[in-house]
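Student: I have a model open and would like to go through it piece by piece. Can we start with how helix packing gets described?

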Amino acid sequence: MSNLEKYCAEQYSSGRTQRELAQELGISKSGVSRLVKRGIPFLDAPVLTRDPARPLIDRLMMRMRETSDGCWQWTGYVRNSGYAQFSYRGTNHLVHRLMYQMENGPIPDGLVIDHICRNRLCIRPEHLRAVTQSENVRCGQRWSCVAA
Ligand SMILES: [Zn+2]
């Protein structure tokens, strides 16, 4: 195993793309791919981008993009109901509920998660709040007042 193989594997596991590495090193993308594969077994840390045990938060963050409104727009799977869904350890979760709980702890009994920004696909914790079902229903037209 060469230092170059280890270097490529390290860079790739820390989030750089094979295309970037190919440009940096002046070799083809398939060349980089081969180097990465050979270097991976020698890394101390697992390869983040391919590791199923990667922390949930990182895996969620890979599937969103920030909009000009500051929303973290989900780019992954969307339920028929219009909410972001992510499958984790064999269970389908609503992403905005996961994000709220990661930031604030468990959702108190009887409360639902409301999108302050009115963007159902937003998963930004600062745009989420826990409200009672009746508060949620009060806050206007049903389509604009979303919770689950
Ligand atoms: Zn938002």
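Tutor: Start with the terms: axes are lines fitted to C-alpha atoms, for helices over the stretch in contact, and angles run from 0 to 180 degrees between N-to-C directions. Keep in mind that this is a predicted model.

Student: Fine. How close do the axes of H1 and H3 come, and at what angle do they cross?

Tutor: The two axes come within 7 Å, and the crossing angle is roughly 95°. Angles of 65 to 115 degrees count as roughly perpendicular, and H1 and H3 are therefore described that way.

Student: Which residues make the contact?

Tutor: On the H1 side they are Leu 4, Glu 5, Lys 6, Cys 8, Ala 9 and Tyr 12. H3 contributes Val 32, Leu 35, Val 36, Arg 38 and Gly 39.

Student: And which residues of H1 are buried?

Tutor: In H1, which covers residues 3-13, the buried ones are Cys 8, Ala 9, Gln 11, Tyr 12 and Ser 13. They pack against helix H2 (18-25) and helix H3 (29-39). Just after H1, Gly 15 has a positive phi of about 110°.

Student: Let's zoom out. What is the order of helices and strands along the chain?

Tutor: The pattern is α-α-α-α-β-β-β-β-α-β-β-α, which comes to six helices and six strands. Of the 148 residues in the protein chain, 22% are buried. Among contacts between residues at least 6 apart in sequence, 48% join residues at least 24 apart.

Student: Now the helix in the second half, H5. What is buried there?

Tutor: H5 spans residues 95-104, and Val 95, His 96, Met 99 and Tyr 100 are its buried residues. Viewed down the helix axis, these buried residues fall within an arc of 135°, so they line one face of H5.

Student: What does that face pack against?

Tutor: One helix and several strands: the buried residues of H5 pack against H4 (56-61), E2 (72-74), E3 (85-88), E4 (91-94), E5 (111-115) and E6 (128-132). After H5 comes Gly 105, with a positive phi near 90°.

Student: How many residues are in the largest nonpolar core?

Tutor: There are 15. Trp 74, Ala 84, Val 95, Met 99 and Ile 123 have the most contacts inside this core. E2 and H5 are the elements that give two or more residues to the core, and H5 supplies the largest share, three residues.

Student: What does Ala 84 touch?

Tutor: Leaving out residues up to four places away in sequence, Ala 84 touches Trp 74, Gly 76, Val 78, Leu 94, Val 95, His 96, Leu 121 and Ile 123. There is also a second, separate core of seven residues, including Ala 9, Val 32, Leu 35 and Val 36.

Student: Ala 9 and those valines came up earlier, didn't they?

Tutor: Yes. Ala 9 of H1 and Val 32, Leu 35 and Val 36 of H3 take part in the contact between those two helices.

Student: On to strands. Do E3 and E4 run parallel or antiparallel?

Tutor: E3 and E4 run antiparallel and are joined by four bridges. Phe 86 has His 93 of E4 as its bridge partner. The hairpin has two residues between the strands, and Arg 89 there takes a positive phi near 50°.

Student: Gln 85 is in E3 too. What does Gln 85 touch?

Tutor: Outside the residues up to four places away in sequence, Gln 85 touches Tyr 77, Val 78, Arg 79, Asn 92, His 93, Leu 94 and Val 95. Gln 85 is partly exposed, with 16 other C-beta atoms within 10 Å. From Gln 85 to Leu 98 the C-alpha distance is 9.7 Å, with the two 13 residues apart in sequence.

Student: Last topic: where is Cys 117?

Tutor: Cys 117 lies in the loop between E5 and E6. Cys 117 has 17 C-beta neighbours inside 10 Å and so counts as partly exposed. Setting aside neighbours within four places in sequence, its contacts are Asp 69, Cys 71, Cys 122 and His 127. Cys 117 and Gly 70 are 47 residues apart in sequence, and their C-alpha atoms are 9.3 Å apart.

Student: What about the phi of Arg 118?

Tutor: The phi of Arg 118 is positive, about 65°, although the residue is not a glycine. Arg 118 is in the loop between E5 and E6 and counts as partly exposed, with 16 C-beta neighbours inside 10 Å.

Technical notes: Residues are numbered from 1 along each chain as its sequence is written. This is a predicted model: local features need pLDDT of at least 70, side-chain atom pairs count only at pLDDT 80 or more; totals for chains, interfaces and linings use all residues. A residue is buried if 20 or more other C-beta atoms lie within 10 Å of its own, exposed if 12 or fewer, and partly exposed in between; C-beta atoms are placed from the backbone. The arc is that of the directions from the helix axis to the C-beta atoms. Two residues are in contact if their C-beta atoms, placed from the backbone, lie within 7 Å. A nonpolar core is a set of buried Ala, Val, Leu, Ile, Met, Phe, Trp, Tyr and Cys residues joined through C-beta atoms within 7 Å. Two strands pair if DSSP finds at least two bridges between them. Angles under 35 degrees count as roughly parallel, over 145 as roughly antiparallel, 65 to 115 as roughly perpendicular and the rest as oblique.
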